[in-house]
Amino acid sequence: MSHAQTVGKSERPRSREIFERAEKILVGGVNSPVRAFRSVGGEPLVIDHASGQYLYDADGNELLDYLCSWGAIILGHANPAIAAAIADQACRGTSFGVTTELELELATLITQAIPFLEKIRFVSSGTEATMSAVRLARGVTKRDFIVKFEGCYHGHADSFLSQAGSGLATLGIAECPGVPQALAGLTLNVAYNDLHAVEKVFAVHKDKIAAIIVEPIAANMGVVPPETGFLKGLQEIAHRNGALLIVDEVITGFRLQNGSAQDLLGIEGDLTTLGKIIGGGVPVAAYGGRAELMNQVAPLGPVYQAGTLAGNPLAMCAGIAALRQLAKPGLYEEMTQLGKHLASGWRAELAEAGIPAQVNAIGSLATVFFTPGPVKNYADAKRSDTKRYARFFREMLARGIFLAPSQFEAAFLSAAHTPADMDRTLAAAREALQTMAAEPAA
Ligand code: KE4
């Protein structure tokens, strides 16, 4: 029985038919687990095309998109300048496996916006970026342990697959089979926003810890901002113990401003990872930091990392076209204003419906947690009523609003979203929440 067949009559017959065929040769019908909608129920979407803030599914339904390809599409879908850049480069060759000036151009745009990145290396996914940054940290410190935070997600490299957020949290996978215990044991998980726990783990493991890796604003357990002093404290603890601080900005890089979240939060990681937005919707990620560290990467140093399509000209052109537009004055202020509009509206509608919930939001990121208490870490987030989130997701989808298909993700706004979209979303939320309020929490 296919997943799609386990639900009622399909409102999307063509999407269902495509998905059922997909399930025969793509694992679960998807190429990334969270797309299977396992935690929110209903039939997974099959998208035909997109434009601006809208997705259009295989049945022709228009959906107001708050996923934005998990944050990558910050300028809106089918952005004309990005599309033109890709089309133009496609006629000049998509990948040569040799350096092009385009790599230098995108690297320059990134390092001008994030000056503490003295050198960077492009890769093709956020996972490659974080995996490489951890390898570099282990290589330069000659230490094996890393510290990560419960509920944070840094991609699917073996070292990160314990107590991770995003898709693992969505599917309830605490420890992933296939990761050797010898390796898993080198990853120390502590609670986000808990500096005391970090001090304790360093007291036990002292000079064996190579690095702390952290999302500066957690977005893979839902949105959880850092408490005041948390990130600065991590930097101080790491350096006091001879470890490096890796700041994973795959989501937050160029999300809150034309540059890093670190700049806004007053910290400077030893290494930074980037992804999503810097590729303009095609596969680009990067890791970078001080030259003294990055020069330890091959071919200059012994820490090996490589990639066939890394820095390919097609992807570089898309990234360049994206970052050039993100430099437009006022762009981020408008998105932040929309984010405030949405978050405050959601809070008001939840209160009006008498449904206990929290809305954690910063800039153009937001998450509704269906829990009465504050959400300051993964343990708090896991207290959320995920069934209620699933119902909210389905009620909103039925009204043409596509939220993240998991409680442990974020809603992403783009520069294509408008105040009218916020009003429409809040009107849909009012109907959805009033409907839900009339039923028991479960
Ligand atoms: P990718 O390998 O998926 O490009 O990036 C991994 C990654 C690294 N660091 C952070 C902070 C991330 O959020 C991610 C990936 N984000 C998830 C969504 N929260 C990707 C969506 C998916 O897995 O399908």
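Here are four short exercises, each with a worked solution, on a predicted model.

**Exercise 1. Check the length of helix H12**

Work out how far helix H12 (residues 331-353) should span, and compare that with its end C-alpha atoms. Then find what its buried residues pack against.

Solution, step by step:

- Start with the rule: a helix should span 1.5 Å times one less than its number of residues.
- Now apply it. H12 has 23 residues, so it should span 33 Å.
- Next, look at the model: the end C-alpha atoms are 33 Å apart, which agrees with the expected span.
- Pick out the buried residues. Among them are Leu-331, Met-335, Leu-338, Leu-342 and Trp-346.
- Here's a handy bit of background for that spacing: an α-helix has 3.6 residues a turn, so residues three or four places apart point the same way.
- Finally, see what lies against the buried residues of H12. Their packing partners include helix H11 (313-326), strand E11 (358-362) and helix H15 (419-437).
- One extra detail: Gly-354, just after H12, has a positive phi of about 70°.

**Exercise 2. Follow the salt bridges of Arg-12**

Which residue forms a salt bridge with Arg-12 at 2.6 Å, and which one at 3.8 Å? Decide whether each of the three residues is buried or exposed.

Solution, step by step:

- First, some background: side chains of opposite charge can pair when their charged atoms come close.
- The partner at 3.8 Å, N to O, is Glu-11.
- Glu-11 has a relative accessible area of 63%, and exposed means over 50%, so Glu-11 is exposed.
- Arg-12 sits at 10% relative accessibility, under the 20% limit, so Arg-12 counts as buried.
- The partner at 2.6 Å is Asp-57.
- Arg-12 lies in the segment before helix H1 (13-25) and Asp-57 in strand E2 (residues 54-57), so this pair ties together parts that are 45 residues apart in sequence.
- Asp-57 is buried, just as Arg-12 is.

**Exercise 3. Link two loops**

Find what Glu-227 pairs with, and say how many residues apart in sequence the linked parts are.

Solution, step by step:

- Glu-227 makes a salt bridge with Lys-376, with the closest N and O atoms 3.4 Å apart.
- Glu-227 is in the loop between strand E7 (209-214) and helix H8 (230-240), while Lys-376 is in the loop between E12 and helix H13 (378-382), so the pair ties together parts that are 149 residues apart in sequence.
- Check the accessibility too: Glu-227 is partly exposed at 34%, and Lys-376 is partly exposed at 37%.
- For the wider picture, the whole structure has 16 salt bridges. Some link up: Arg-391, Glu-395, Arg-399, Glu-431 and Glu-439 form a network.

**Exercise 4. Look around strand E5**

How many residues of strand E5 (residues 145-149) are buried, and which strands are joined to E5 by bridges?

Solution, step by step:

- Five of the five residues are buried, so E5 is largely enclosed by the rest of the structure.
- Remember that in a regular strand the side chains alternate between the two faces of the sheet.
- Sort the residues by face: Phe-145, Val-147 and Phe-149 are on one side, with Ile-146 and Lys-148 on the other.
- E7 runs parallel to E5 and is joined to it by three bridges; Ile-209 in E7 stands opposite Phe-145.
- E6 is also parallel to E5, with four bridges, and Val-147 has Leu-188 as its bridge partner there.
- Thr-187 belongs to E6, and its contacts include Ile-146 and Lys-148.
- The side chain of Thr-187 also has a polar atom 2.7 Å from the backbone oxygen of Ser-159.

Key: Residues are numbered from 1 along each chain as its sequence is written. This is a predicted model: local features need pLDDT of at least 70, side-chain atom pairs count only at pLDDT 80 or more; totals for chains, interfaces and linings use all residues. Side-chain values use heavy atoms; hydrogens and water are left out. Buried means under 20% relative accessible area, exposed over 50%, partly exposed in between (1.4 Å probe, protein chains only). Contact means heavy atoms within 4.5 Å. A salt bridge is a side-chain nitrogen of Lys or Arg within 4 Å of a carboxyl oxygen of Asp or Glu. A polar contact is a pair of N or O atoms within 3.5 Å; within protein, one must be able to donate a hydrogen and the other to accept it, and residues adjacent in sequence count only if both atoms are side-chain atoms. Two strands pair if DSSP finds at least two bridges between them.
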